[in-house]
Each structure stands twice: as C-alpha cells, then as structure tokens.
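Visitor: Please show me the structure, and then let us discuss it in questions and answers.

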Amino acid sequence: MADDGGRRADEEERGPGAAHQVFVVMECLLEKLKVLNYEEQVLHKHNMKNLSRHYFVSSPYLAVNSGEQFYMFTIIAAWLINMAGRPFTEPQEYDEPNATVSNILAELRAFGVKVDFPPSKLKSGSGEHVCFVLDRLAEEVLKRRGFSFKRPTYPTETTEEESVVEDNAELTLSKVEEEMIEEPDEEEENVMDLEALKLRTTHADAEPSSKPDEILESTVDAAEWNLEVERVLPQLKVTIRTDNKDWRIHVDQMHQHRDGIKSSLREAKSYLDKLQEDIGKTLEKVSSREKYINNQLEHLIQDYRGAQAKLSEPLGLNVVLHQAKERYQQASGGVTERTRVLAEISEELEKVKQEMEEKGSSMSDGAPVVKIKQSLTKLKQEIVQMDVRIGVVEHTLLQAKLKEKSNMTRDMHATNIPSRPPGPSPECTSTP
C-alpha cells in the first residue's frame with residue numbers, strides 16, 4: 001500500500017500522462033530493436049517468441065511470467081552491451097539476479113547514463129525502469145552505428161479536401177438518406193475489365209470522336225430502377241469523416257461535461273446537506289451530555305481542588321513528609337532485625353541439612369562393600385598368578401638340578417676310564 005501511495009504521488013508530480021509514458025517508451029524500444037535486427041540475433045538464437053508492443057510494461061492486463069520477463073531483459077541487455085562495444089558475459093537462468101542487475105547498471109553508468117534508482121527495481125523484469133535501461137542501451141548502439149530517426153513528413157492537405165471534410169462534418173442522417181447515390185464498392189473499382197478496355201481502345205482508334213451526337217435517354221423503367229436501388233441499398237457504404245480539430249465537437253463536449261458536472265453537483269450537494277445536518281445534531285447531543293456530566297461531578301471536582309490546595313501548602317506538606325519518614329525508619333529497623341534473625345536460622349538449617357546428608361549417605365552407601373569385593377577378586381587373581389609363577393620356578397629348578405646331576409655323572413665316568421695301550425685297534429683283533 002505504501003508503494004502504491006508513493007507511485008501515485010510521483011505520477012501526480014510528473015503529470016497525468018506519466019502513467020502512460022512507459023507504453024510509449026516500450027513501443028519506441030521495440031522499433032529500435034527491430035532496426036538492430038534482434039529477431040535473428042537474439043530470438044532465433046535462444047528459441048524465443050517475438051516481443052509484443054507492451055511486453056516489458058508492468059500491467060495487470062498482461063499475463064506474462066515474471067521470471068521469463070527477467071531472463072528476456074538480461075539477455076537483451078547483454079546483447080545490447082556487447083553491440084555497444086563493451087564485453088559482457090551472457091547471463092544464464094541460474095545466475096544470481098542481484099549480481100546480474102548490478103553488472104548491467106555498472107555498464108550503463110559506464111556509458112555516462114545517470115542511474116537514480118535502486119537495482120531492486122529491475123528484479124521484476126518489467127516496469128518503467130526496465131524499459132528505461134533497455135531504451136538507453138539501444139540508443140547507445142544506434143549512436144555507435146551512426147543511425148538516427150528522422151521526423152516524419154506529412155502530406156499537405158489541399159483546400160478542397162478541407163472543405164469536403166467540413167461538409168461531411170455537417171451532414172445529417174436525413175440528408176444522407178435523401179442524397180444517397182449509388183457508388184461501386186472498392187473491390188469492384190479495383191477489378192479491371194480487360195476485354196472492355198480492349199474494345200474501348202479499338203473503338204477509339206476506329207472513331208476519332210466518341211461523343212454522342214444526340215442526347216442520351218434512359219430506357220430503364222422507373223419501377224425496376226427503384227427495386228434495384230432497394231436491393232443494393234444495404235450494400236452501399238457512406239463514410240462520414242469527422243475532424244477532431246473541429247471546434248463544434250469541442251463545444252458539444254464542453255456542454256456535455258458541464259451538464260454532467262451540474263447533475264453530479266446537485267446530487268453531491270444533497271448528500272452534503274444531509275451530512276451537515278447529522279453532524280449538527282450530533283454536536284448538540286455531545287454538548288448537552290457534557291453539560292450534564294459537569295453538573296453531576298461538580299462536588300467531586302470541588303473536593304479534588306480542596307485536597308490539591310491542602311497538599312500544595314508548604315507546612316502541611318512538611319508535616320506529612322516528616323511523619324512518613326518516621327514510619328519508614330521504624331519499619332526499616334524492624335526489617336533489619338528480622339533479616340539478621342532469618343540469616344542465623346538459615347545458617348543453622350544448612351548445617352543440620354549437611355549432617356543429615358552425611359549420615360544418610362554413610363548408612364545407605366554400599367561403595368565400601370563393593371571395593372572390598374573388588375579387592376578380594378584382585379587378590380585371588382594375584383594368588384593364582386603367583387602359584388603359576390612358583391610352579392614355573394620349581395620346574396626350572398628341577399631341570400637345573402637334573403642337568404647338573406647328569407653332568408656330574410658324566411664327569412665321574414670320564415675320570416675312571418683307563419688309558420688305551422698302543423697296538424692294533426680292537427676292531428682289527430679277532431675274537432677267540
């Protein structure tokens with residue numbers, strides 16, 4: 001609602017035709033794009049449809065997708081910037097809209113165009129600012145190419161044509177019906193009879209003068225002529241051209257508007273008179289009710305004024321303040337004593353709570369029993385390990401003793417064996 005109000009205020013400041021200026025800008029932009037051959041270079045490349053006369057105009061009568069409009073705007077803007085001689089990457093559909101719009105406005109400022117609106121105005125893909133940006137970019141491209149639009153030359157109207165227009169403006173339907181003549185249709189006029197033209201040419205060559213010597217007389221019956229006129233009458237076309245510059249039309253319009261204003265003023269005046277009467281009655285009721293309330297509350301108002309006067313006296317105010325201070329001191333002393341007693345009681349209560357918690361925890365706590373069981377289990381495991389180690393040591397000791405004993409026996413046998421005499425070996429001697 002705030003945007004609508006601001007837009008209306010801007011339109012009122014700029015003039016009554018500001019709301020329709022964007023349509024004119026869009027039509028001019030479309031003509032410039034056609035001159036630049038945007039159909040083949042943009043639309044056929046991206047497989048898009050041709051733009052309508054009011055494509056980028058924000059209007060409730062144009063059912064166009066805003067996303068499609070924004071993508072079309074960015075594509076055409078990028079194409080125009082490249083045509084103007086500045087490199088610009090063609091945007092894609094998944095690009096960030098804010099970054100794309102900022103880049104387009106930066107390129108527009110580089111051409112020397114003043115931009116006095118925020119980039120968010122271009123995110124909708126339509127509106128006055130979108131048409132403005134594309135129009136200025138197209139102007140830059142045309143300026144680079146050296147192209148410029150010239151003023152149209154209108155044919156001068158002759159005096160005879162003006163008089164004919166004025167006569168047609170003064171025609172009435174009764175005169176048209178009385179002076180209606182039979183005229184061939186435009187299609188019949190455009191069709192040429194070649195055979196009749198050939199005959200006319202040969203006849204003109206044969207006879208030097210085609211003028212009749214006698215006065216021609218019609219041989220058609222009047223009744224048949226009237227029947228033919230009634231048959232052809234619906235097909236006859238009578239065009240009455242009216243000049244918009246004729247002062248008579250403006251005078252008639254002024255009279256019509258004046259009559260409409262008078263009738264509207266008459267109706268509005270009756271409504272306003274009735275409204276004024278209702279407002280007067282309401283004001284009378286309000287004033288009478290105010291007087292009644294004042295009369296009913298007069299004694300209360302007097303009492304209030306008296307109490308206010310007493311409070312405003314300096315002596316009475318000091319007494320009241322002194323009494324209030326004394327009561328406050330007494331109350332504060334009692335509060336301090338009670339606060340100290342409460343603190344002592346709270347400390348004793350905390351001590352009692354701690355003792356109760358310690359006794360309760362010692363009575364109900366099973367942590368020592370659990371620790372004893374864990375210690376016993378650990379001792380049992382260590383006893384088993386020690387038994388294993390003792391067995392291993394005993395076995396090792398037994399092995400050492402057996403080994404030592406075997407060594408001693410071997411040494412004893414080695415010392416008791418006598419030395420062998422020289423001679424043949426026992427293997428060579430024969431047994432008896």
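Visitor: Which residues are linked with Lys-32 in a network of salt bridges?

Guide: This is a predicted model, in which local features need pLDDT of at least 70, side-chain atom pairs count only at pLDDT 80 or more, and totals for chains, interfaces and linings use all residues. Residues are numbered from 1 along each chain as its sequence is written, and side-chain values use heavy atoms, with hydrogens and water left out. A salt bridge here is a side-chain nitrogen of Lys or Arg within 4 Å of a carboxyl oxygen of Asp or Glu. The residues that share the network with Lys-32 are Asp-135 and Glu-139.

Visitor: How many residues apart in sequence are the parts that Lys-32 and Asp-135 tie together?

Guide: The two side chains meet in a salt bridge at 2.8 Å, N to O. Lys-32 belongs to helix α2 and Asp-135 to helix α6, so the pair ties together parts whose separation in sequence is 103 residues. Helices (H or I, at least four residues) and strands (E, at least two) are DSSP runs, numbered from the N terminus. The separation asked for is 103 residues.

Visitor: Is Lys-32 buried or exposed?

Guide: Buried means under 20% relative accessible area, exposed over 50%, and partly exposed in between (1.4 Å probe, protein chains only). The relative accessible area of Lys-32 is 7%, and that of its partner Asp-135 is 14%, which is also buried. Lys-32 is therefore buried.

Visitor: How does Glu-139 count in terms of relative accessibility, and what is the N to O distance to Lys-32?

Guide: Glu-139 has 32% relative accessibility and counts as partly exposed. Glu-139 lies in helix α6 and Lys-32 in helix α2, so this pair ties together parts 107 residues apart in sequence. Their side chains meet in a salt bridge with an N to O distance of 2.3 Å.

Visitor: Which residue forms a salt bridge with Lys-143?

Guide: The partner is three residues away in helix α6, a separation of about one helical turn. Lys-143 is exposed at 59% relative accessible area, whereas Glu-140 is buried at 14%. With the closest N and O atoms 4.0 Å apart, the partner is Glu-140.

Visitor: Which helix gives the most to the largest nonpolar core?

Guide: A nonpolar core is a set of buried Ala, Val, Leu, Ile, Met, Phe, Trp, Tyr and Cys residues joined through side-chain atoms within 4.5 Å. The largest one has 43 residues, and those with the most contacts inside it include Phe-56, Phe-73 and Leu-134. Helices α2, α3, α4, α5 and α6 each supply at least two residues of this core. The greatest contribution, eleven residues, comes from α4.

Visitor: What distance separates the end C-alpha atoms of α4?

Guide: The expected span of a helix is 1.5 Å times one less than its number of residues. For the 18 residues of α4 this should give 26 Å, which agrees with the distance between its end C-alpha atoms. Of these residues, 13 are buried. The end C-alpha atoms are 26 Å apart.

Visitor: Which residues of α6 does Phe-56 touch?

Guide: Contact means heavy atoms within 4.5 Å. Phe-56 touches Met-26, Phe-73 and Ile-76 among others, not counting residues up to four places away in sequence. Helix α6 covers 128–145, and the residues touched there are Val-130, Cys-131 and Leu-134.
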